Amino acid sequence: MAVVAKRSRSEWQALDCDHYLHPFTDHKDLREKKSRIITRADGAYIYDADDSEILDGMSGLWCVNVGYGREELVEVAAKQLQELPYYNSFFQCAHPPSIELSRLLQEVSQSQFNKVFFTGSGSESNDTVVRMVRHYWNILGQPDKQIIVSRINAYHGSTMAGASLGGMKPMHRQGGLPIPDIVHIEQPYWFGSDHSLSPDEFGLVMARELEKKIEELGIEKVAASGATYGLEGQIITALRSCALKNSVASGLNTAVCIPSNSNPHTLGEHPRRTKYS
Ligand SMILES: Cc1ncc(COP(=O)(O)O)c(C=O)c1O
């Protein structure tokens with residue numbers, strides 16, 4: 001049984017133009033250029049409707065980290081869909097796959113990560129973290145500790161809190177963002193600097209930006225800080241000690257760190273809370 005109807009490339013393109021809204025896209029432009037229709041994938045390759053083979057250097061949207069078409073994954077997914085395709089975890093309910101995956105993630109993570117909250121996307125993860133971290137300080141009796149320091153040009157997703165955390169002005173112009181109590185400091189982007197400092201020196205200056213912002217706002221007001229750029233080496237150490245010293249949660253958003261997932265530095269740091277997306 002075919003999962004979807006078989007159509008020609010031009011039929012797909014026409015239907016795409018008529019009915020399918022794409023993210024971050026100028027649809028007038030797309031109507032002229034037309035979408036590349038991806039019909040199948042295998043290993044590290046995707047294939048379009050003309051059967052052109054394309055190396056998927058982006059791993060989907062940086063999320064297909066084990067490649068396409070893994071038979072063992074197809075089999076367990078099919079089995080699970082037959083056994084229990086869905087249930088919620090509200091109202092004192094849980095189910096074995098989520099419990100087992102939580103346990104497994106704890107086992108392969110650094111020791112401070114021992115509880116897991118599942119979401120359906122990176123944006124949703126970041127929205128959840130904003131709410132969780134603010135609630136966390138609230139129940140600890142520090143309700144004023146609500147501000148989250150993020151970075152200019154960081155990308156944290158497209159939902160209201162995700163786009164607010166992100167430091168992209170054009171996104172802020174859509175929908176009255178950022179939401180309250182999110183502030184942005186300079187991006188740790190050495191390649192865009194005048195190169196008068198070494199990457200490590202530059203990283204330390206950027207880490208100091210966070211410390212300065214916390215001093216300016218007051219420790220009692222800052223709940224968390226976050227970053228996305230490829231942070232390495234000394235900046236991580238400096239951000240970690242700044243977070244520890246000031247008792248703020250720090251989250252390194254690892255949504256696009258697949259190539260460096262073996263690097264423990266990309267896996268988030270902090271005393272109390274961090275997030276994976
Ligand atoms: C660093 C980062 N954070 C968050 C997101 C948002 O993830 P999603 O598209 O799953 O909402 C992305 C997506 O590209 C990302 O690159």
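1. What share of the 277 residues in the chain is buried? Buried residues make up 25% of them. The model is a predicted one, and its chain holds 10 helices and seven strands.

2. On confidence, the average pLDDT over the chain is 85, and 82% of the residues reach at least 70. Residues 256–277 are another matter: pLDDT stays under 50 throughout that stretch. The model nevertheless has 52 contacts beyond four places in sequence for residues 256–277.

3. Contacts across the sequence come next. Counting contacts between residues at least 6 apart, 58% join residues that are at least 24 apart.

4. Three strands make up an open sheet, ordered β1-β2-β3, with antiparallel pairing. The edges are taken by β1 (38–42) and β3 (53–55); each has a single partner strand, so one side of each has no neighbour in the sheet. On average, neighbouring strands here are turned by 30° against each other, direction ignored.

5. Within that sheet, β2 (residues 45–48) is joined to β3 by three bridges, and these two strands run antiparallel. I46 is placed opposite I54 of β3. As background, the strands of a sheet pair through backbone hydrogen bonds.

6. The largest nonpolar core has 21 residues, of which V133, I148, V149, L210 and A223 touch the most other members. At least two residues each come from α6 (122–139), β4 (147–151), α7 (160–165), β5 (182–185), α9 (199–217), β6 (222–227) and α10 (234–246). The biggest contribution, five residues, is that of α9. In soluble globular proteins, nonpolar side chains tend to be buried together.

7. V149, one of the core residues that touch the most other members, merits a separate entry. Leaving aside residues up to four places away in sequence, V149 touches V183, I185, L210, K213, I214, V222 and S225. L210 in that list is also among the core residues with the most contacts to other members.

8. Helix α6 has 18 residues and spans 26 Å from its first C-alpha to its last, close to the 26 Å expected at 1.5 Å a residue. Its buried residues are G122, S123, S125, N126, D127, V129, V130, V133 and W137. Of these, V133 also appears among the core residues touching the most other members. An α-helix has 3.6 residues a turn, so residues three or four places apart point the same way.

9. One backbone detail remains. G141, just after α6, has a positive phi of about 85°.

Definitions and conventions
Residues numbered from 1 in each chain as written. Predicted model: local features only at pLDDT ≥ 70, side-chain atom pairs only at ≥ 80, totals over all residues. Pairing = 2+ DSSP bridges. Helix = DSSP H or I, 4+ residues; strand = E, 2+ residues; numbered from the N terminus. Axes fitted to C-alpha atoms, helices over the stretch in contact; angles between N-to-C directions. Core = buried A, V, L, I, M, F, W, Y, C linked by C-beta atoms within 7 Å. Buried ≥ 20, exposed ≤ 12 C-beta atoms within 10 Å, placed from the backbone. Contact = placed C-beta atoms within 7 Å. pLDDT = per-residue confidence, 0-100. Expected span 1.5 Å × (residues − 1).
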